[in-house]
Amino acid sequence: MGSVLKVEELYTSFQVKQGEAKVVNGLSFEVKEGQLLGLVGESGSGKSVAAASIMGRVRKPGVIKSGRVIYGEEVDILQLPEDKARAYRGKEISLIAANARGHLNPLLTVGDQIVDTCIAHGTMKKKEARAIAVEMLKAVGIPDPQRRFYSYPHELSGGMAQRCMIAMALVNSPRLLIADDATNGLDVTVQAQIMDLIIQMIKTRKMSGVFITHDLGVVAQCCDEIAIMYCGQIVEQAAVGAFYDAPCHPYSVDLMGSLPEKLGDDSQRGSKDTLVSPLCLPSGCMYHPRCRDATKLCRMKMPELCQVSGTHWVRCHHAKQLAEKGGAKDGGIA
């Protein structure tokens, strides 16, 4: 199974008045052909900045400091001139962003925006692109697509605007789809409909996908592999089944402990309430200020990703101990 996307040692930071905010810190992961990867972490862990970095669309004062984003076997998107990089964005790799209304152009109809996306990456004429745009609106469940083609974003509900974003992302049949918290801000019933639609479109079109979310339930339902992100780096990655059976990183355990069905179980809640700022990242393991079982080694040295089983990797000095105990189910290493 070939590789669709490889992210290697990606670093992105923002220069603000208080100093340099280091948001993505050595992010590395791989998405294989036909694979759905769930990238999970709490708000502020760097997920959305990672998505923007992969697309090469980080806005000032942000800057991609270093790293590689390899599409296919050999194309490093970050090293391409802007005109050539644009040929990959929206054609080979598409992004569905959260807050559709914030990303749709308020001065253009949703139909014209889909047509522009279609024409930008093809040789078809406008009439043909209009027909394809209407078909895409129909495919994503927009009622009366012929009429809605001429609607402006403010005339649509949140769910319909999100469906238009999905149509725009899929109109050029990309090989890889990145969904960045694509159901954020929507009603619960609409969230379920949008997620079902995205999964259905990915499977129907035989794409690979990256679901960026803080919802562990979404990942459990639709993803093949999960990567847990903290302070801009992967701290645990595994097949979904192996992860839910035995999460090994203390942060992963704390995330699992935040699930509604486990909130009453104090044994699942092991972290200290210590916030970590990207303006002043801790030395050693970035999680040690919040980990109740941090040792001197944790405070002094950054752990490498350690393989604890065939497809299970953990960034923790005590990873092998935890794996031998069947995961950090008690919220600690001792």
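Helix H11 (residues 250–257) lies across three strands, namely E3 (36–40), E9 (225–230) and E10 (233–239), and its direction makes an angle of about 105° with E9. That is a handy place to enter this structure, which is a predicted model. From here we can walk through the sheets and then turn to the open and enclosed spaces.

**The eight-stranded sheet**

The three strands under H11 belong to an open sheet of eight strands, ordered E6-E7-E8-E3-E9-E10-E12-E11, and the pairing in this sheet is mixed. Strand E6 (93–96) and strand E11 (305–309) are its edge strands, each pairing on one side only. From one strand to the next, the twist averages 20°.

Look next at the E6 end of the sheet. E6 and strand E7 (residues 176–180) run parallel and are joined by four bridges. Within this pair, Leu95 stands opposite Ile178 of E7. Helix H7 (residues 158–170) lies across both E6 and E7, at about 175° to E6.

**The four-stranded sheet**

A second open sheet has four strands in the order E2-E1-E4-E5, with antiparallel pairing. Strand E2 (19–32) and strand E5 (75–76) each have a single partner strand, so one side of each is left without a neighbour in the sheet. Strand E1 (residues 3–16) pairs with E2 in the antiparallel sense over eleven bridges. One of the residues to pick out here is Thr12, whose bridge partner in E2 is Val24. This sheet has a helix across it too: H1 (residues 47–54) lies across E1, E2 and strand E4 (62–71), running at about 115° to E1.

**Pockets and cavities**

Which residues lie closest to the centre of the largest pocket? They are Met55, Arg57, Arg59, Leu95 and His103, out of 33 that line the pocket. Leu95 is thus a residue we have already met, as the one opposite Ile178. Several elements supply at least two residues each to this lining: H1, helix H2 (82–88), E6, helix H3 (100–103), helix H4 (110–120) and H7.

The second largest pocket is lined by 30 residues, and those nearest its centre are Ser28, Phe29, Ile234, Gln237 and Leu305. Two or more residues of its lining come from each of E1, E2, E10 and strand E12 (312–315). Which element gives the most to this lining? That is E2, with nine residues, and E2 is also one of the edge strands of the four-stranded sheet.

As for enclosed space, the structure holds two cavities of 30 Å³ or more. Of the 15 residues lining the largest cavity, the closest to its centre are Pro250, Cys285, Cys291, Cys298 and Cys316.

The table sets out the volumes and the make-up of the three linings.

| Space | Volume | Lining residues by class |
|---|---|---|
| Largest pocket | about 1,200 Å³ | 17 nonpolar, nine polar, seven charged |
| Second largest pocket | about 640 Å³ | 14 nonpolar, eight polar, eight charged |
| Largest cavity | about 100 Å³ | nine nonpolar, four polar, two charged |

To draw the picture together, H1 lies across strands of the four-stranded sheet, while H7 lies across E6 and E7. Both helices, along with E6, contribute to the lining of the largest pocket. The second largest pocket, in turn, draws lining residues from E1 and E2 as well as from E10 and E12.

Technical notes:
Residues numbered from 1 in each chain as written. Predicted model: local features only at pLDDT ≥ 70, side-chain atom pairs only at ≥ 80, totals over all residues. Heavy atoms only, no water. Pairing = 2+ DSSP bridges. Contact = heavy atoms within 4.5 Å. Axes fitted to C-alpha atoms, helices over the stretch in contact; angles between N-to-C directions. 1 Å grid on protein atoms, 1.4 Å probe; cavity = no way out; pocket = protein on both sides within 12 Å on 5 of 7 lines; lining within 4 Å. Points joined across faces, edges and corners; volume = space filled by probe spheres on them. Nonpolar A, V, L, I, M, F, W, Y, C, P; charged D, E, K, R; others polar.
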